[in-house]
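User: Please take a close look at one part of this model and describe in connected prose how it is built.

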Amino acid sequence: MLSKDFFWQVIRQRPSSTALHECRHCGYTMESDTGECPKCGSREIASYDLE
Ligand SMILES: [Zn+2]
């Protein structure tokens, strides 16, 4: 699982973003919900609303 430290690090790097999408398979994070991981092709995407 993703550590909290890493999670908040990602958030700090993207202050303008209000949502993050993370692949549950490989952990790749993206700002837009593509519905599919561009890295590994998994459709298991977790969404985090940061508003
Ligand atoms: Zn992936």
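Analyst: In the hairpin of strand 1 and strand 2, 5 residues lie between the strands, and Gly27 among them has a positive phi near 85°. Strands here are DSSP runs of E with at least two residues, numbered from the N terminus, and two of them pair if DSSP finds at least two bridges between them. This is a predicted model, in which local features need pLDDT of at least 70 and side-chain atom pairs count only at pLDDT 80 or more, while totals for chains, interfaces and linings use all residues. Residues are numbered from 1 along each chain as its sequence is written, and side-chain values use heavy atoms, without hydrogens and water.

The hairpin strands pair in the antiparallel sense over 2 bridges, with His21 opposite Met30 in strand 2. On strand 3, His21 has Ser47 as its bridge partner, and Leu20 stands opposite Tyr48. The pairing of strand 1 (residues 19-23) with strand 3 is antiparallel and spans 5 bridges.

Together, 3 strands form an open antiparallel sheet in the order 2-1-3. Strand 2 (29-30) and strand 3 (45-49) each have a single partner strand, so one side of each lacks a neighbour in the sheet. In strand 1, 5 of 5 residues are buried (under 20% relative accessible area, with exposed over 50% and partly exposed in between; 1.4 Å probe, protein chains only).

Cys23 of that strand, buried at 1%, and Cys26, partly exposed at 35%, are zinc donors through SG, as are Cys37 and Cys40, at 2.3 to 2.4 Å (donors are N, O and S atoms within 2.8 Å of the metal, or 3.2 Å for Na, K and Ca; water is not among the atoms, so sites may look incomplete). Their spacing is C-x2-C-x10-C-x2-C. Angles of 107 to 116° among the 4 donor atoms make the site tetrahedral, a term that requires all angles of four donors to lie between 85 and 135 degrees.

Terms used. Helix = DSSP H or I, 4+ residues; strand = E, 2+ residues; numbered from the N terminus. Tetrahedral: all angles 85-135°; square planar, octahedral: opposite > 155°, others 65-115°.
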